[in-house]
Amino acid sequence: GLAALLGCASYDMLTYHSYVLSDATCMTFVLLAFLFMGNYLEKPSPGSFACAATATALAFATRYAAAAFVLAGFAAILLWEKRTLAQRLLHAVLFGLASSSLMILWVLRNLRYGDDATGRDLGFHLVMNMAQFKEILLTFSTWASNGNLEALDANVRAPIVAAVILVGLA
């Protein structure tokens with residue numbers, strides 16, 4: 001009891017939990033969306049569809065990462081709904097629009113009143129030198145071999161691991 005109290009009252013715990021984080025909120029909405037989408041796919045009804053789209057929209061409005069669930073719902077309807085292809089496509093598009101509606105409104109608002117749509121830069125940085133690439137390979141080889149390859153010289157180990165990865169991808 002005392003240990004739990006001291007752990008919960010520690011500076012790190014209090015500091016971490018004083019932030020307003022959106023992870024739990026997003027996951028709550030995602031789980032609700034899964035629940036309603038499952039109900040909709042088993043027994044289609046406008047209520048289940050609307051609840052699935054609403055929960056997905058709220059998850060997406062909470063975190064950008066939830067865009068994956070918009071795509072997952074779109075694909076689930078397209079692949080597993082028991083209707084004609086035209087009806088599935090219509091319902092998938094309606095789900096996509098409905099579940100993206102809050103984010104679309106937010107992006108339009110940001111474009112109107114701000115400098116850009118999201119306030120974030122989207123970029124892919126493939127700036128990696130050979131030293132960083134070698135370090136990645138060495139870390140991967142240590143992890144994959146349970147440390148059994150650490151006795152090998154790094155200049156021998158990195159090419160071996162690179163070759164194994166390339167063979168595995170082929």
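The exercises below work through the packing of a predicted model, each with a solution in steps.

**Exercise 1. The largest core**

Task: Find which residues make up the largest nonpolar core, and which elements give two or more residues to this core.

Solution: Begin with the membership, which comes to ten residues: Met37, Tyr40, Leu41, Phe49, Ala52, Ala53, Ala76, Ile77, Ala92 and Phe95. Next, assign the residues to elements; those that give two or more residues to this core are helix 3 (23–42), helix 4 (46–62), helix 5 (67–80) and helix 6 (85–113). There is also a second, separate core of seven residues, and among them are Cys26, Ala66, Val70 and Met103. Finally, take one member of the largest core, Tyr40, and list its contacts beyond the neighbours within four places in sequence: they are Ser45, Ser48, Phe49, Ile77, Glu81, Arg83 and His91.

**Exercise 2. Helix 4 and its buried side**

Task: Compare the expected span of helix 4 with the distance between its end C-alpha atoms, and then state which of its residues are buried.

Solution: At 1.5 Å a residue, the 17 residues of helix 4 should span 24 Å, where the expected span is 1.5 Å times one less than the number of residues. The end C-alpha atoms of helix 4 are 24 Å apart, which agrees with that expectation. Turning to burial, the buried residues are Ser48, Phe49, Ala52, Ala53, Ala55, Thr56, Ala57, Ala59 and Phe60, and the buried residues of this helix pack against helix 3, helix 5 and helix 6.

**Exercise 3. A threonine in helix 4**

Task: Decide whether Thr56 is buried or exposed, and describe what surrounds this residue.

Solution: The relative accessibility of Thr56 is 3%, and because buried means under 20%, Thr56 counts as buried. Within helix 4, where Thr56 lies, its side chain reaches the backbone oxygen of Ala52 at 2.8 Å. Not counting residues up to four places away in sequence, Thr56 touches Ala33, Phe69, Val70, Phe95 and Ser99.

**Exercise 4. Two cysteines**

Task: Explain why Cys26 forms no disulfide with Cys51.

Solution: A disulfide requires two cysteine sulfur atoms within 2.5 Å. The sulfur of Cys26 is 18 Å from the closest cysteine sulfur, that of Cys51, and so this distance is too far for a bond. In agreement with this, a search of the whole structure finds zero disulfides. The surroundings can be added as a last step: Cys26 counts as buried at 4% relative accessibility, whereas Cys51, at 33%, counts as partly exposed.

**Exercise 5. Aromatic pairs**

Task: Work out how the rings are arranged in the pair of Phe34 and Phe69 and in the pair of Phe49 and Phe95.

Solution: A search of the whole structure finds three aromatic pairs. In one of them, Phe34 and Phe69 lie 5.6 Å centre to centre with 75 degrees between the planes, an edge-to-face arrangement. This pair links distant parts of the chain, since Phe34 is in helix 3 and Phe69 in helix 5, 35 residues apart. Phe34, at 47% relative accessibility, counts as partly exposed, and Phe69 is partly exposed with a relative accessible area of 26%. For Phe49 and Phe95, the ring centres are 6.2 Å apart and the planes are at 70 degrees; planes over 60 degrees apart count as edge-to-face, so this pair is edge-to-face. Phe49 in helix 4 and Phe95 in helix 6 are 46 residues apart, and their pair links distant parts of the chain. Both Phe49 and Phe95 are buried, and together with Tyr40 they form one aromatic cluster.

Terms used
Residues are numbered from 1 along each chain as its sequence is written. This is a predicted model: local features need pLDDT of at least 70, side-chain atom pairs count only at pLDDT 80 or more; totals for chains, interfaces and linings use all residues. Side-chain values use heavy atoms; hydrogens and water are left out. A nonpolar core is a set of buried Ala, Val, Leu, Ile, Met, Phe, Trp, Tyr and Cys residues joined through side-chain atoms within 4.5 Å. Buried means under 20% relative accessible area, exposed over 50%, partly exposed in between (1.4 Å probe, protein chains only). Helices (H or I, at least four residues) and strands (E, at least two) are DSSP runs, numbered from the N terminus. Contact means heavy atoms within 4.5 Å. A polar contact is a pair of N or O atoms within 3.5 Å; within protein, one must be able to donate a hydrogen and the other to accept it, and residues adjacent in sequence count only if both atoms are side-chain atoms. Rings of Phe, Tyr and Trp (its six-membered ring) pair if their centres lie within 6.5 Å; planes under 30 degrees apart count as stacked, over 60 as edge-to-face and the rest as tilted.
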